[in-house]
Amino acid sequence: MSIGDRIKLIRKKNNLNQSQFASVLGISQTHISKIESNRDIPSDKILRTIGIEFSINFEWLKTGTGEDTIQTDSKEILLKDSVRDIKLYLDNCTDIEFMTFSSALLKLLNIWIMAGKEEINKNDKFIILSDLLTTIESGIEYLTKETKKISESGIDSKIDEIFYVTDKYSNKLSEDFEIIKNIYLGNGK
C-alpha cells in the first residue's frame, strides 16, 4: 500500500471528502488529490498533522510499518473528533452562521461551567440556557428573513430549495436544543 493509499484510507474511514480533509489539514483539495493518486509526496508536516488530527502512527503513515493507530483514551478521541468537526463547519459556513454558532458555543460552555457550581441556583442556570435559545432563535430569524428577501426578488426556481434548507436548519437547531435541554434539566434523555 502506497503512502497515497494510506492517506486515502484515513480520509475515507473518517467519512470526509477531499475538500473537507484538505480543510482539516490546512492545504488545498488539489494537493490532497495529487497525494492520493501518488503524483505528489506529502511533507512530514502534513503527515504529522494527519497523525495528530486522526490519531495515526506517523511511522505507519510514512512507511507502512508498525501499527496504524495510536492508542488514546476515548475522551481524547471524542474531543479531537468534536474539534475537527467544529473546525470544518466554521471553515465552510457563512459569516452569520459563524457568529451565531460561536456565540451559542460560548454560551453552552458557560452552561456546563455553571452547572458544576453548586452555589449557582437553578434559576440562574435557566437564564443562561434561555440566552442560548435566544441566540439560536435569532439565527433562525435571520435565515427566515434572508429567505423571504430572496423569494421576493423573483427567483422562483430556487424557492422550494431555499425553504427546505431553512426548515432543515431550523429543525436541526430545535432538535439539538431539545437534547441540550433534556441533559441540562436532568431528565435522563
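Which residues of α1 are buried? I went to that helix first, and my list reads Ile3, Gly4, Arg6, Ile7, Ile10 and Arg11. They cover an arc of only 165° around the axis, so they sit on the same side of α1. For my own bookkeeping, the arc is taken over the directions from the helix axis to the C-beta atoms. Buried here means under 20% relative accessible area, exposed means over 50%, and partly exposed is in between, with a 1.4 Å probe and protein chains only. Helices (H or I, at least four residues) and strands (E, at least two) are DSSP runs, numbered from the N terminus.

**Ground rules.** I am working on a predicted model, where local features need pLDDT of at least 70, side-chain atom pairs count only at pLDDT 80 or more, and totals for chains, interfaces and linings use all residues. Residues are numbered from 1 along each chain as its sequence is written, and side-chain values use heavy atoms, with hydrogens and water left out.

**Confidence.** I checked pLDDT, the predictor's confidence in each residue from 0 to 100. The chain has a mean of 75, and 67% of its residues reach 70 or more. Confidence is lowest in α9 (residues 159-185), with a mean of 67, and highest in α3 (residues 29-36), at 94. Note to self: where pLDDT is low, the predicted coordinates should not be read in detail.

**Back to α1.** Next I looked up what its buried residues pack against, and found α2, α3, α4 and α5 (58-63). Contact is counted for heavy atoms within 4.5 Å. After α1 comes Asn15, with a positive phi near 55°.

**Arg11.** This residue of α1 caught my eye as an arginine that is buried, at a relative accessible area of 8%. Leaving out residues up to four places away in sequence, Arg11 touches Leu16, Asn17, Gln18, Phe21 and Glu36.

**α3.** I did the same lookup here, and the buried residues are Ile32, Ile35 and Glu36. Down the axis of α3 they fall within an arc of 95°, so they line one face of the helix. The background is that an α-helix has 3.6 residues a turn, so residues three or four places apart point the same way. Their cover includes α1 (3-13), α2 (18-25) and α4 (44-54).

**Salt bridges.** How many salt bridges are there? I count a side-chain nitrogen of Lys or Arg within 4 Å of a carboxyl oxygen of Asp or Glu, and that gives 2. Side chains of opposite charge can pair when their charged atoms come close.

One is Glu36 with Arg11, whose closest N and O atoms are 2.6 Å apart. Glu36 lies in α3 and Arg11 in α1, so the pair ties together parts that are 25 residues apart in sequence. Glu36 is buried, with a relative accessible area of 8%, and Arg11 is buried at 8% as well.

Another is Lys62 with Asp44, at 2.7 Å from N to O. Lys62 belongs to α5 and Asp44 to α4, so this pair ties together parts that are 18 residues apart in sequence. Lys62 is partly exposed at 36% relative accessible area, and Asp44 is partly exposed at 34%.

**Ser43.** I stayed around Lys62 for one more entry. Ser43 and Lys62 are 19 residues apart in sequence, and their C-alpha atoms are 9.6 Å apart in space. Ser43 sits in the loop between α3 and α4 and is partly exposed, with a relative accessible area of 36%.

**Positive phi.** Asn38 comes just after α3, in the loop between α3 and α4. Its phi is positive, about 60°, although Asn38 is not a glycine. Asn38 is partly exposed, at a relative accessible area of 42%. I then looked at Ser55, another residue other than glycine with a positive phi, near 55°. Is Ser55 buried or exposed? Ser55 is in the loop between α4 and α5, and it is buried, at a relative accessible area of 9%.

**Surface.** My last lookup was a nonpolar surface patch of about 270 Å², made by Ile96, Phe98 and Met99. Patches take residues with over 30% relative accessible area and no salt bridge, joining like charges within 9 Å and nonpolar side chains (Val, Leu, Ile, Met, Phe, Trp, Tyr) within 5 Å. Accessible areas come from the Shrake-Rupley method with a 1.4 Å probe, and for residues only the protein chains shown count as cover. Met99 is in α7 (residues 95-115) and counts as exposed, at 54% relative accessibility.
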